[in-house]
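Please look through the sequence and the model below before reading on. The report that follows goes from single residues to the whole chain and then to helices and a pocket.

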Amino acid sequence: MEMTVNTAEARESIIDCIKAGLVPMLHGSPGIGKSSIVKSIAEQFNLKVIDLRLSQCDPTDLMGFPFINKEINRAEYTPLTTFPLEGDPLPKDEAGNDMEGWLLLLDEFPSAPLSVQAAAYKLVLDHEVGLHKLHPKVAKVCAGNKQTDNAIVNRMGTAMQSRLVHLELAIDFNQFLKWAYDTSMDFRITSYLNFKPEALHVFNPQSDDHTYPCPRTWEFVHKLISGWSNIDNAKRPLLAGTIGQGAAIEFMSYCSIYKDLPTIAQVVKAPLEIPISEEPSIMYAMSGSVANHIDKTNVDALVKYIDRLPPEFQIVTMQEIARKKQELLATPFIRNWMLKNAKSMF
């Protein structure tokens with residue numbers, strides 16, 4: 001069984017490779033965030049991303065295009081402007097300031113024809129495009145899907161395999177959830193995934209469905225529903241075309257719970273009287289709603305309500321609040337709750 005890395009471990013490993021002058025190859029199923037990891041590293045180190053999809057390239061794209069040098073009566077190769085060469089100025093950011101260099105992402109590497117992979121040897125191993133040296137401040141990362149994913153993958157030659165550092169990316173639910181909270185993903189999605197973590201990534205390479213649930217497609221769902229107060233049945237084809245039919249039906253069924261929940265205004269008005277359901281799906285939905293709507297004006301009442309939930313749902317709710325609304329951690333109501341429940345919380 002191959003050893004895998006989660007998102008944080010992948011980032012750290014890629015950074016280690018770049019610092020050591022090595023080229024990492026990040027393997028992983030479609031839609032789990034490989035390119036996002038690379039782009040976040042580029043942002044951290046102020047590098048301009050060059051996103052090159054090798055599956056769409058021709059060997060001459062990597063070697064350069066031939067032309068006749070009439071002065072010496074010989075053919076030479078001219079590289080594409082895609083690649084920064086020795087002597088080129090550093091790239092600039094949107095404000096016009098110099099950046100630290102470039103991060104060349106050779107994506108869809110195993111999906112490229114073998115002729116293109118062979119043409120990439122010089123680029124990856126020798127830091128050259130044809131006869132031209134890449135700029136010394138170009139870092140390189142390769143990425144691609146796994147052979148088992150039925151995603152148009154060709155076997156890499158052993159000469160290339162042995163010259164890359166291979167990392168296999170696996171999905172880490174807690175890290176995805178942290179990212180989702182940090183980016184303010186719609187609370188209906190995060191509470192649903194808390195209720196059913198296995199729905200984060202449902203990938204069957206043999207399936208005939210057009211799409212499936214994965215971190216990428218859940219982000220698409222967030223973009224679609226963030227302006228919808230309710231998700232009516234007319235939206236089912238749209239969601240099915242985003243995360244697949246089965247996942248869309250289950251997610252919409254979960255979201256329908258919200259129509260029957262007490263409103264936040266009702267909870268704030270009577271936090272000690274509002275009935276507490278024993279149904280897990282309803283409690284997850286309520287936890288997500290409370291964590292999404294809590295603020296400094298209602299924190300005292302909502303903490304009283306949270307204190308009535310079963311212990312595991314108190315923790316789920318408070319963890320979501322801690323991730324989404326850190327400014328509330330200093331309020332006396334939440335601070336007192338944490339003092340009482342610190343051992344369970346952490």
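A residue counts as exposed when its relative accessible area is over 50%, as buried when that area is under 20%, and as partly exposed in between. The structure discussed here is a predicted model, and every value in this report was computed from it.

With that cut-off in hand, Ser184 can be placed: its relative accessible area is 52%, so Ser184 is exposed. Ser184 sits in the loop between helix 6 and helix 7, and its phi is positive, near 60°, although Ser184 is a residue other than glycine. Most residues other than glycine have a negative phi. Glu108 is another residue with a positive phi, about 55°, that is not a glycine. Glu108 belongs to the loop between strand 6 (101-107) and helix 4 (114-126), and because its relative accessibility is 21%, Glu108 counts as partly exposed.

Is Val38 buried or exposed? Its relative accessible area is 0%, so Val38 is buried. The table sets the three residues side by side.

| Residue | Relative accessible area | Class |
|---|---|---|
| Val38 | 0% | buried |
| Glu108 | 21% | partly exposed |
| Ser184 | 52% | exposed |

Val38 lies in helix 2, and, leaving aside its neighbours within four places in sequence, Val38 is in contact with Leu103, Leu105 and Val141. Measuring from C-alpha to C-alpha, Val38 and Glu108 are 13 Å apart in space, while 70 residues separate them in sequence.

The chain as a whole can be described in the same careful way. The protein chain has 346 residues, of which 46% count as buried, and its secondary structure comes to 15 helices and ten strands. The C-alpha trace spans about 90 × 45 × 40 Å along its principal axes. If one takes the contacts between residues at least 6 apart in sequence, 70% of them join residues that are at least 24 apart.

Helix 13 (residues 299-306) is largely enclosed by the rest of the structure, because six of its eight residues are buried. These buried residues are Val299, Ala301, Leu302, Val303, Tyr305 and Ile306.

Two packed helices are described by the angle between their axes and the distance between the axes. For helix 7 (residues 187-195) and helix 12 (residues 280-293), the angle is about 145° and the axes are 9 Å apart, and the crossing of helix 7 and helix 12 is right-handed. Helix 7 brings Phe187, Ser191, Asn194 and Phe195 to this contact, whereas the residues from helix 12 include Pro280, Tyr284, Gly288 and His293. Sorted by class, the contact of helix 7 with helix 12 has five nonpolar and seven polar residues, with no charged ones.

The largest pocket holds about 960 Å³ of space. Its lining is made by 34 residues, and the closest to the centre of the pocket are Ile32, Gly33, Lys34, Ser36 and Ile37. Which elements give two or more residues to this lining? They are helix 1 (7-19), helix 2 (34-44), helix 6 (173-182) and helix 8 (215-225), and helix 2 gives the most, with seven residues. By class, the lining of the largest pocket divides into eleven nonpolar, eleven polar and twelve charged residues. Helix 2, which gives the most to this lining, is also the helix in which the buried residue Val38 lies.

Key: Residues are numbered from 1 along each chain as its sequence is written. This is a predicted model: local features need pLDDT of at least 70, side-chain atom pairs count only at pLDDT 80 or more; totals for chains, interfaces and linings use all residues. Side-chain values use heavy atoms; hydrogens and water are left out. Axes are lines fitted to C-alpha atoms, for helices over the stretch in contact, and angles run from 0 to 180 degrees between N-to-C directions. Helices (H or I, at least four residues) and strands (E, at least two) are DSSP runs, numbered from the N terminus. A crossing is left-handed if the near helix is turned anticlockwise from the far one by less than a right angle, and right-handed if clockwise. Contact means heavy atoms within 4.5 Å. Ala, Val, Leu, Ile, Met, Phe, Trp, Tyr, Cys and Pro count as nonpolar, Asp, Glu, Lys and Arg as charged, and the others, Gly among them, as polar. On a 1 Å grid over the protein atoms alone, a cavity is a set of points where a 1.4 Å probe fits but cannot get out, and a pocket is an open set with protein on both sides within 12 Å along at least five of seven lines; lining residues have an atom within 4 Å of a point. Grid points are joined across faces, edges and corners, and a volume is the space filled by probe spheres set on the points. Buried means under 20% relative accessible area, exposed over 50%, partly exposed in between (1.4 Å probe, protein chains only).
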